[in-house]
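I opened this notebook page to record what I looked up in the structure. The entries follow the order in which I consulted it.

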Amino acid sequence: MAELMLTPITENEIGARNVFNTGVSTVGKGGHDYFCGHCGRKMIHNMDLSKLETPVVYQCGGCGSYNLAPEIETTDETA
Ligand SMILES: [Zn+2]
């Protein structure tokens, strides 16, 4: 399990994606913890967003801002 920061986006960048409001907290059945890229709040517990094939925008239940799942499969980036 890792602690991952979501990628912050603006409302204009949502496009055709579905918006998922994580509310107070969203708990999965295994995976990682994800934090809001805007306010740093822990949004999602124990879930693996990389297994979802549908592009989803995650709305923070704390600050109401929008985030994308981080692309954690890319390991050859040095940035
Ligand atoms: Zn937030």
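The entries below cover strand pairing first and the metal site afterwards.

Entry 1, model. I note at the outset that this is a predicted model.

Entry 2, strand pairing. I looked up the partners of strand β6, residues 42-47. Strand β4, residues 26-27, runs parallel to β6 and is joined to it by 2 bridges. I recorded His-45 in β6 as the bridge partner of Val-27. Strand β5, residues 32-35, is antiparallel to β6, and 3 bridges join the two. Here His-32 has Met-47 of β6 as its bridge partner.

Entry 3, hairpin. I then examined the connection between β5 and β6, a hairpin with 6 residues between the strands. Within this hairpin, Gly-40 has a positive phi near 85 degrees.

Entry 4, zinc donors. Which protein atoms are donors of the zinc ion? I found the SG atoms of Cys-36, Cys-39, Cys-60 and Cys-63, at 2.3 to 2.4 Å from the zinc ion. The spacing of these donor residues in sequence is C-x2-C-x20-C-x2-C.

Entry 5, geometry. I checked the angles among the 4 donor atoms and found 106 to 111 degrees; the site is tetrahedral. For reference, the ideal angle for four tetrahedral donors is 109.5 degrees.

Entry 6, accessibility. Are the donors Cys-60 and Cys-63 buried or exposed? Cys-60 counts as buried because its relative accessibility is 1%, under the 20% cut-off. Cys-63 has a relative accessible area of 36%, so I entered this residue as partly exposed.

How values were computed:
Residues numbered from 1 in each chain as written. Predicted model: local features only at pLDDT ≥ 70, side-chain atom pairs only at ≥ 80, totals over all residues. Heavy atoms only, no water. Pairing = 2+ DSSP bridges. Helix = DSSP H or I, 4+ residues; strand = E, 2+ residues; numbered from the N terminus. Donors = N, O, S within 2.8 Å, 3.2 Å for Na, K, Ca; no water. Tetrahedral: all angles 85-135°; square planar, octahedral: opposite > 155°, others 65-115°. Buried < 20%, exposed > 50% of the residue type's maximum accessible area, 1.4 Å probe, protein only.
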